[in-house]
Amino acid sequence: MFSPSTPTPTSSLSLPIDAQGFNVALTEAQNGRTEGGIPIGSALFTRAGVQLGAGHNMRVQRGSPTLHAEIAALEAAGRQSANVYRDSTLYTTLSPCSMCSGAILLYGIPRVVIGENTTLVGEEDLLRCRGVEVVVLGDARCQNLMSDFIKEHPEIWYEDIGKPTA
């Protein structure tokens, strides 16, 4: 059984809420894997520690072309004012793709904490050049979830990132 623990960061978790926010995202990733989906999770928290939303990639479960983990977390958070988004951190187990990075920029989320970026380096440079603080943890649990999934289901992984299978 999966039990989250405090991450061992390669980059610093600087806010008091970071361990909790990241662990919610990690739990969501495991939930997605248990459901037979892609094990990517995300959570949106205010700097004060209020969880606004959390979710996991549900493209497989719902047959959705766009329901990545970050989008699911934003959807779970519901409509928020710009002030709420601008005072939040998005936690995600995998580096955000172009679509999810676009949503981060659209809503002005100032900070993203990423579990791992060895499986996929998303649009981190775009986020940084637009003023978003990007923290990459290099978390082995996230890396293991993704590498195991990709070995078992390469066709689903390539579909998720919009690439033809090799």
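Which backbone nitrogen does the side chain of Asn57 reach? In this predicted model, the answer is that of Arg59, at 3.1 Å. Asn57 lies in the loop that joins strand S2 (51-56) to helix H2 (59-62). A second polar partner is the side chain of Asp160, which the side chain of Asn57 contacts at 3.2 Å.

Is Asn57 buried or exposed? Asn57 is buried, because its relative accessible area is 0%, and the cut-off for burial is under 20%. Several residues beyond four places in sequence are in contact with Asn57. They are Ile38, Ile40, Leu67, His68, Ala69 and Asp160. Asp160 thus appears both in this list and as a polar partner of the Asn57 side chain.

The UniProt record, an unreviewed entry, lists residues 16-134 as "domain: CMP/dCMP-type deaminase". Over this stretch, the chain is 41% helix and 23% strand. The C-alpha atoms at the two ends of the stretch are 17 Å apart.

Helix H5 spans residues 98-106. Its buried residues are Cys100, Ser101, Ala103, Ile104 and Leu105. In an α-helix, residues three or four places apart point the same way, because each turn takes 3.6 residues. Both helices and strands help to cover the buried residues of H5. The cover includes helix H3 (69-77) and helix H6 (124-129). It also includes strand S3 (88-94) and strand S4 (111-116). Just after H5 comes Gly108, with a positive phi of about 70 degrees.

How values were computed: Residues numbered from 1 in each chain as written. Predicted model: local features only at pLDDT ≥ 70, side-chain atom pairs only at ≥ 80, totals over all residues. Heavy atoms only, no water. UniProt positions renumbered as here; feature names shortened; annotations may be inferred. Helix = DSSP H or I, 4+ residues; strand = E, 2+ residues; numbered from the N terminus. Buried < 20%, exposed > 50% of the residue type's maximum accessible area, 1.4 Å probe, protein only. Contact = heavy atoms within 4.5 Å. Polar contact = N/O pair within 3.5 Å; in protein donor to acceptor, adjacent residues only side chain to side chain.
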